Amino acid sequence: MPIISPSILNADFTKLGEALQMLDESQADWIHLDVMDGSFVPNISFGIPVVEAARRSTKKPLDVHLMIVHPERFFVPFQKAGADHITFHFEATPYPLALLRQLKKIGVKAGIAINPSTDVRSLFTLLDEIDLIIVMSVYPGFGGQKLLEQTFERISALKKEIDKRGLSTLIEIDGGVIDKNADKLISAGADALVAGSFVFSAENPTATIESLKNVIAVNAS
Ligand code: DX5
Ligand code: ZN
């Protein structure tokens, strides 16, 4: 079964408590928190207080995705706020290896996210040190975009290398995940799926999470 990590980015923030409680009681494995700074991406979302609020609402792993410049400035504050996974962007630093090691040192899962325009092979030399790769399947900044077709081959290339080297690095797909592409993403080698608007625009978010959780891998064409 895939790991499902719903993103609260498109939740109704006047009812954030209810959204977090719904996720806590649902089959969601992780809770994905999209932090945007208006500089690395052309949008601002939320920051540390929202991660703290999520921490008070659930014991599930908090999957924090930092779309910010100089992410290392905020590793410790987000860890203290309750993050279990911290993922920074490969494009946001000249020193990805040093940053991965900083994350390990503070006791969180170390993640790297990669934009659609960056070659996934850029991560190959770092693979031993990465717990989690977020493959962006849209250009980051906004929820509700359509998944880019190139995503499937990007997943396969990463998965092939991870398997060849006997590593347990997880591949998480972020952006435009819906029921219609979930099975193909898993078949291509994804371990975890983020879903934002698909869950929060659904009439029944709990059932929508369940439907993603029960996706069965099919042969990718
Ligand atoms: C995009 C964010 C995603 C986004 C996913 O910049 O990183 O996590 O919220 O939302 P959907 O599922 O609506 O594409
Ligand atoms: Zn995200």
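Visitor: Which element gives the largest share of the shell around ligand 1?

Guide: In this predicted model, the largest share of that shell comes from S2, which gives three residues.

Visitor: What makes the pair formed by Ser7 and ligand 1 a polar contact?

Guide: The side chain of Ser7 has an N or O atom 3.4 Å from an oxygen atom of ligand 1, and the cut-off for such a pair is 3.5 Å, so the pair counts as a polar contact. A polar side-chain atom of His65, at 3.3 Å from an oxygen atom of ligand 1, meets the cut-off as well.

Visitor: Does Gly176 reach an oxygen atom of ligand 1 through its backbone or its side chain, and why is this called a polar contact?

Guide: Through its backbone: an N or O atom there lies 2.8 Å from an oxygen atom of ligand 1, and because this is within 3.5 Å, the pair is a polar contact. As for cover, ligand 1 on its own has 380 Å² of accessible area, of which the protein covers 99%.

Visitor: Which residues come nearest to ligand 1?

Guide: Of the 20 residues around ligand 1, the nearest are Asp34, Gly144, Asp174, Gly196 and Ser197. By class, the shell divides into eight nonpolar, ten polar and two charged residues.

Visitor: Which pocket is the space taken by ligand 1?

Guide: That space is the largest pocket. Two or more residues of the shell around ligand 1 come from each of strand S2 (31-36), strand S3 (62-67) and strand S8 (192-195).

Visitor: What volume does the largest pocket have, and which residues are closest to its centre?

Guide: Its volume is about 330 Å³, and of the 29 residues that line the largest pocket, Gly143, Gly144, Gln145, Gly175 and Gly176 are the closest to its centre.

Technical notes. Residues numbered from 1 in each chain as written. Chains lettered and ligands numbered in written order. Predicted model: local features only at pLDDT ≥ 70, side-chain atom pairs only at ≥ 80, totals over all residues. Heavy atoms only, no water. Near = heavy atom within 4 Å. Polar contact = N/O pair within 3.5 Å; in protein donor to acceptor, adjacent residues only side chain to side chain. Areas by Shrake-Rupley, 256 points an atom, 1.4 Å probe, with all protein chains shown as cover. 1 Å grid on protein atoms, 1.4 Å probe; cavity = no way out; pocket = protein on both sides within 12 Å on 5 of 7 lines; lining within 4 Å. Sits in = over half its atoms within 2 Å of the grid points. Helix = DSSP H or I, 4+ residues; strand = E, 2+ residues; numbered from the N terminus. Nonpolar A, V, L, I, M, F, W, Y, C, P; charged D, E, K, R; others polar. Points joined across faces, edges and corners; volume = space filled by probe spheres on them.
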